[in-house]
Amino acid sequence: AACARIVFFFQAEEGLGELVGSRGRGDVYKRPRRGGERGGGSMTVGFVVGKFYPPHRGHKHLIDQARSQVDRLIVMVPHHPSQSIPGEVRKAWLQEIHPDCEIDLVADELEDDSLEWAAFTARYLGFAPDVVFSSEDYGPEFARLLGARHVMIDRERLTVPISATQIRASPLRYLEYLEPCVRAWYVKRVVVIGAESTGKTTLAR
């Protein structure tokens, strides 16, 4: 039987590139790979993708480790209107926490399918990254479909034992895993003003 096949072209700096995805083979290949010149060699481009809903110190560990291993790191943040923390807010947090990374916000409109996301990523960037960093099981296959190397970071959550799901379920319990800009989203400050003996202490309690 004929297999489903995705073919599209993207304009890279070096010329017209082709990316083909085949569900029968389960691969995506491309040409050319774009990189910047630095000291006579190619610039290494790393890639991280995640909802960061919300970003926590496990995410920070992932991004810090990734950034230390590449010349340029792109972090893609898929967002959906149904999510309680707007994508623009999460992007701003990540820009504050990681000022030396490129933070790209994209619409989360695809299924959880590595082939679709690999095709979208190559089309969106206009090239394929050299290295994909992740802490999830989808990472190796996603990287392979892009023709990129994969680096797994703290898959078992031993270095930073937290998940965004845990934080969303009980944010005040896990404040220690949030950077100050993210923590402020959950911690509300209330000021009680009044003259002496007007019940401020009782009201605060």
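Guide: Welcome! In this predicted model, a salt bridge means a side-chain nitrogen of Lys or Arg within 4 Å of a carboxyl oxygen of Asp or Glu. By that rule the structure holds 8 salt bridges.

Visitor: What makes E179 and R57 a salt bridge?

Guide: Their side chains meet at 2.5 Å, N to O. The limit is 4 Å, so the pair qualifies. The two partners come from distant parts of the chain, 122 residues apart, with E179 in the loop between α5 and α6 (180-186) and R57 in helix α1.

Visitor: Why is E179 called buried?

Guide: E179 has 15% relative accessibility, and buried means under 20%, so the label fits. Its partner R57 stands at 31%; partly exposed covers the range between 20% and 50%, so R57 belongs there.

Visitor: Which residues is E179 in contact with, leaving aside its neighbours within four places in sequence?

Guide: They are R57, K60 and I97. The salt-bridge partner R57 thus appears in this list too.

Visitor: How do you know that D100 and R67 form a salt bridge?

Guide: The N to O distance between their side chains is 3.5 Å, and the cut-off is 4 Å, so this pair passes as well. D100 sits in the loop between α2 (87-97) and β8 (102-107), while R67 is in helix α1, and 33 residues separate them in the chain. Both count as partly exposed, D100 at 47% relative accessibility and R67 at 22%.

Visitor: And what makes R155 and D137 a salt bridge?

Guide: Here the side chains are 2.8 Å apart, N to O, which is again within 4 Å. R155 is in the loop between β10 (149-152) and α5, and D137 is in the loop between β9 and α4, so the bridge ties together parts 18 residues apart in sequence.

Visitor: Is D137 buried or exposed, and how do you know?

Guide: D137 is exposed: its relative accessible area is 56%, and exposed means over 50%. R155, at 28%, counts as partly exposed. Around D137 there is also a C-alpha distance to mention: D137 and M152, 15 residues apart along the chain, are separated by 8.8 Å.

Visitor: Let's turn to the interior. What makes a group of residues a nonpolar core?

Guide: The members must be buried residues of the nonpolar kinds, joined through side-chain atoms within 4.5 Å. The largest such core has 19 residues, and F47, I74, M76, V132, F142 and L146 touch the most other members. At least two residues each come from β6 (45-49), β7 (72-79), α3 (114-125) and α4 (139-146). The largest share, 6 residues, comes from α3. A second, separate core of 16 residues includes V48, A66, V70 and I103.

Visitor: How many of the protein's residues count as buried?

Guide: Of the 205 residues, 44% do. The protein has 7 helices and 10 strands.

Visitor: Which residues lie nearest the centre of the largest pocket?

Guide: V49, G50, K51, E136 and Y138, out of a lining of 33 residues. The space in this pocket is about 760 Å³. Among the elements that supply at least two lining residues each are β6, α3 and β9 (131-134), and α1 gives the most, with 4 residues.

Visitor: What kinds of residue make up the lining of the largest pocket?

Guide: It divides into 14 nonpolar, 11 polar and 8 charged residues. Gly is counted as polar, so G50 falls in the polar group.

Visitor: Why is F52 called buried?

Guide: F52 has a relative accessible area of 3%, and the limit for buried is under 20%, so F52 meets it. F52 lies in the loop between β6 and α1 and has a positive phi of about 50° although it is not a glycine. P54 is in the loop between β6 and α1 too, and the peptide bond from Y53 to P54 is cis, with omega near 0°.

Visitor: Why is R157 called partly exposed?

Guide: R157 has a relative accessible area of 23%, which falls between 20% and 50%. R157 lies in the loop between β10 and α5, and its phi is near 55°, a positive value in a residue other than glycine.

Methods: Residues are numbered from 1 along each chain as its sequence is written. This is a predicted model: local features need pLDDT of at least 70, side-chain atom pairs count only at pLDDT 80 or more; totals for chains, interfaces and linings use all residues. Side-chain values use heavy atoms; hydrogens and water are left out. Buried means under 20% relative accessible area, exposed over 50%, partly exposed in between (1.4 Å probe, protein chains only). On a 1 Å grid over the protein atoms alone, a cavity is a set of points where a 1.4 Å probe fits but cannot get out, and a pocket is an open set with protein on both sides within 12 Å along at least five of seven lines; lining residues have an atom within 4 Å of a point. Grid points are joined across faces, edges and corners, and a volume is the space filled by probe spheres set on the points. Contact means heavy atoms within 4.5 Å.
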